Amino acid sequence: MERDDILTAALTLLDEGGGQGLTMRALATRLGVTPMSLYHHVEDRTGLLRALSDRVYAEVLETTGRPADHRAEIRAILTRYHNAVGRHPQLTLTIFAEPEAFAGVSRQITDRLTSLLAEITAEHILWRDILVDHAHGSGLALATARGDQKQAESMREQYQHALDRLLDQLLDQLVEP
């Protein structure tokens with residue numbers, strides 16, 4: 001049994017049953033091992049959630065070169081984050097319920113957005129919270145479209161449109177006298 005096998009099974013359990021469905025005992029049963037054997041690979045449930053978060057959200061900060069401007073990078077990060085939340089909404093909800101699991105890549109995403117926004121507005125915390133909350137809400141709503149690609153694509157387009165409007169609003173307020 002490898003750590004990757006544990007994370008794959010844990011993510012499946014989380015997707016199927018939500019945060020309450022992911023216990024070390026349920027995970028061990030799924031893998032056909034004893035619960036104690038899991039602790040050789042993850043320290044505890046919170047550590048497991050952190051590892052899942054790192055795995056799911058790893059792509060969010062990946063770049064294929066530096067975007068031309070802060071707006072483009074913010075948009076790219078939030079779009080990738082929105083898509084990740086939409087693929088695994090139960091992970092996001094579980095992290096909300098267990099804030100001690102908020103670390104690693106999740107923290108890096110927040111820090112990067114905060115840093116980018118601080119370079120363009122004094123209200124960077126407010127704008128970070130607005131933009132991240134919007135990504136969460138819209139990403140979590142994608143769960144209602146599971147299996148309906150047309151609806152999911154429409155929801156992603158609506159998110160992009162709304163995100164662009166928010167970013168335009170942010171930048172417009174900066175250039176007004």
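Helix α7 has 14 residues and spans 20 Å from its first C-alpha to its last, close to the 20 Å expected at 1.5 Å a residue. The model is predicted. Several residues of α7 are buried: V105, S106, I109, T110, L113, T114, L116 and L117. Three of these, V105, S106 and I109, reappear below as contacts of Y57.

Now move to Y57. This tyrosine sits in helix α4, which covers residues 45–57. Beyond its neighbours within four places in sequence, Y57 is in contact with Y81, A84, V85, L91, T92, I95, V105, S106 and I109. What does Y57 form with Y81? A search of the whole structure finds one aromatic pair. Y57 and Y81 form that pair, with 5.2 Å centre to centre and 45° between the planes. The geometry counts as tilted because the angle is neither under 30 degrees nor over 60. The pair links distant parts of the chain. Y81 belongs to helix α5, residues 70–87, and lies 24 residues from Y57. Both tyrosines, Y57 and Y81, are buried.

Y57 also has a place in the largest nonpolar core. This core has 42 residues, and those with the most contacts inside it are L48, L52, Y57 and L78. Many helices supply it. The elements giving two or more residues are α1 (3–21), α2 (24–31), α4, α5, α6 (89–97), α7 (105–118), α8 (124–141) and α9 (149–175). Helix α1 gives the most, with seven residues.

Next come two buried serines. S53 lies in helix α4. Is S53 buried or exposed? Its relative accessible area is 0%, so S53 is buried. The side chain of S53 makes a polar contact of 2.5 Å with the side chain of S106. S106 is one of the buried residues of α7. Setting aside residues up to four places away in sequence, S53 touches A58, L91, I95 and S106. Of these, L91, I95 and S106 are also contacts of Y57.

The second serine, S138, is found in helix α8. At a relative accessible area of 17%, S138 falls under the 20% cut-off and therefore counts as buried. Its side chain is joined to that of H82 by a polar contact of 3.1 Å. S138 touches H82, M155 and Y159, not counting residues up to four places away in sequence.

Two partly exposed residues complete the tour. R3 lies in helix α1. Its relative accessible area is 39%, so R3 is partly exposed. Leaving out residues up to four places away in sequence, R3 touches H41, V42 and A51. The C-alpha atoms of R3 and V42 are separated by 7.9 Å, although the two residues are 39 apart along the chain.

Where is D44? D44 lies in the loop between α3 (35–38) and α4. With 32% relative accessibility, D44 counts as partly exposed. Its side chain reaches the backbone nitrogen of T46 at 3.2 Å. A polar atom of the D44 side chain also lies 2.7 Å from the backbone nitrogen of G47. Apart from neighbours within four places in sequence, D44 is in contact with M24 and Y39. The C-alpha atoms of D44 and T23 are 9.9 Å apart, with their positions 21 residues apart along the chain.

How values were computed: Residues numbered from 1 in each chain as written. Predicted model: local features only at pLDDT ≥ 70, side-chain atom pairs only at ≥ 80, totals over all residues. Heavy atoms only, no water. Phe/Tyr/Trp six-rings, centres within 6.5 Å; stacked < 30°, edge-to-face > 60°. Helix = DSSP H or I, 4+ residues; strand = E, 2+ residues; numbered from the N terminus. Buried < 20%, exposed > 50% of the residue type's maximum accessible area, 1.4 Å probe, protein only. Core = buried A, V, L, I, M, F, W, Y, C linked by side-chain atoms within 4.5 Å. Contact = heavy atoms within 4.5 Å. Polar contact = N/O pair within 3.5 Å; in protein donor to acceptor, adjacent residues only side chain to side chain. Expected span 1.5 Å × (residues − 1).
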